[in-house]
Amino acid sequence: MARTPNIDTEKLKAQGLQLRDAAAVHAGRLAVRAADLAEQGLDWAAPRAQAALSSAIERATPLVESASERAQSVADRAQPFLSDIHGHVVDDYLPRLNKAVSESATALAAEGDLGSRARAARSASAQALSTPTRKKKCCKKKGRLLRALCFTALTAAAAGAGYVLWKRSQPIEDPWAEDYWADLEVEDYSADQNQEASAE
C-alpha cells in the first residue's frame, strides 16, 4: 500500500491568502505606476499631436484652395459645352430616336416574313438615326396674331369686370323718383275712437 502524504490544508490556505495579498499590493503599485506613465505619455504626446495637426492644416489649405480654384475654372469652361450638349440631346437626338422607334415599329408590323421585316426595320431605324432633324421655325405672324387675340381678350375681360363692378356700385332705388309713400292718406284712428266714445 502506498502511503499518502500529510497535507496541511490550513497551512495551504494561509499561504494562498499571503500570495493573494502580495499580488494585490503589487497590482496596486503597477496600476499607480501605469497611470503615472500614461499621464506622462499624454503630456508628451498632446503638444506633438497638436503641432502635427496644425502643420497638416497649414500644408493642406493652399492645396485645397488651388484645387477648388481649378475645379471652378474647369466648371466655368465646361458650362457652355454642357448647355450645348443638352440642346443637341433635346433638339436633335431625342427626336431622331423617337422617329427611329416609330419607323422600325411600322416596318415590323408590315406584311412579309420575319427576316425581311427585321431587315426593313433595321434599315428604317438606321436611316432615321442618321438623318438630322430639322428645327421647327416658328411663324412670326401666328405669334403676333396670338398675342393680339390674347391682348384683346384680356382687355375685354377687364372692361367687362369693370362694368359689372360699376353696375353693382350703383344704388338700386332711383334717387329722383317721387316718394310714393308721401301721398298716402292715413286715417286717424284716435279721432274715430273719440267720436264713438262721445256718442255713447
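Start by selecting Asp21 and Arg20: these two form a salt bridge, and their closest N and O atoms sit 3.7 Å apart. Keep in mind as you click around that this is a predicted model. Don't spend time hunting for another pair like this one, as a search of the whole structure finds one salt bridge.

While the pair is still highlighted, turn on the surface. Is Arg20 buried or exposed? Its relative accessibility is 53%, so Arg20 counts as exposed, because the exposed class takes in anything over 50%. Its partner Asp21 comes out at 42%, so Asp21 counts as partly exposed.

**Zoom out to the whole chain**

Now switch to a cartoon view. You'll find four helices and zero strands, and if you follow the chain along its sequence the pattern reads α-α-α-α. How much of the chain is buried? Of its 200 residues, 4% count as buried. The accessible surface comes to about 18,500 Å², and 61% of that belongs to carbon and sulfur atoms.

**Select the nonpolar patch**

Next, pick Phe81, Leu82, Ile85, Val89, Val90, Tyr93, Leu94, Leu97, Val101 and Leu129. Together they make a nonpolar surface patch of about 890 Å². Which helix gives the most to this patch? That's helix 1, residues 9-109, with nine residues.

Click on Leu97, one of the patch members. Leu97 lies in helix 1, and it is partly exposed, with a relative accessible area of 46%.

**Stop at Asp91**

Stay in helix 1 and select Asp91, which has its place there. Asp91 is partly exposed too, its relative accessible area being 43%. Then add Pro132 to your selection. How far apart are Asp91 and Pro132 in space? From C-alpha to C-alpha the gap is 9.9 Å, although 41 residues separate them in sequence.

**Move on to helix 2**

Select residues 114-130, which make up helix 2. Try your viewer's distance tool on the two end C-alpha atoms: they are 24 Å apart. Why does that agree with what you'd expect? At 1.5 Å a residue, the 17 residues of this helix should span 24 Å.

Now colour Ala121, Ala124, Ser125 and Ala128, the buried residues of helix 2. Rotate until you look down the helix axis, and you'll see those buried residues fall within an arc of 95 degrees, so they line one face of the helix. What do they pack against? The answer is helix 1.

For your last stop, flip helix 2 over. The face turned away from the buried side carries the exposed residues Arg119, Arg122, Gln127 and Ser130. Give these another colour and the helix shows its two sides: Ala121, Ala124, Ser125 and Ala128 are buried, while Arg119, Arg122, Gln127 and Ser130 are exposed.

Terms used. Residues numbered from 1 in each chain as written. Predicted model: local features only at pLDDT ≥ 70, side-chain atom pairs only at ≥ 80, totals over all residues. Heavy atoms only, no water. Patch = residues over 30% accessible without salt bridge, like charges linked within 9 Å, V, L, I, M, F, W, Y side chains within 5 Å. Areas by Shrake-Rupley, 256 points an atom, 1.4 Å probe, with all protein chains shown as cover. Salt bridge = Lys/Arg side-chain N within 4 Å of Asp/Glu carboxyl O. Buried < 20%, exposed > 50% of the residue type's maximum accessible area, 1.4 Å probe, protein only. Expected span 1.5 Å × (residues − 1). Arc of directions from axis to C-beta. Contact = heavy atoms within 4.5 Å.
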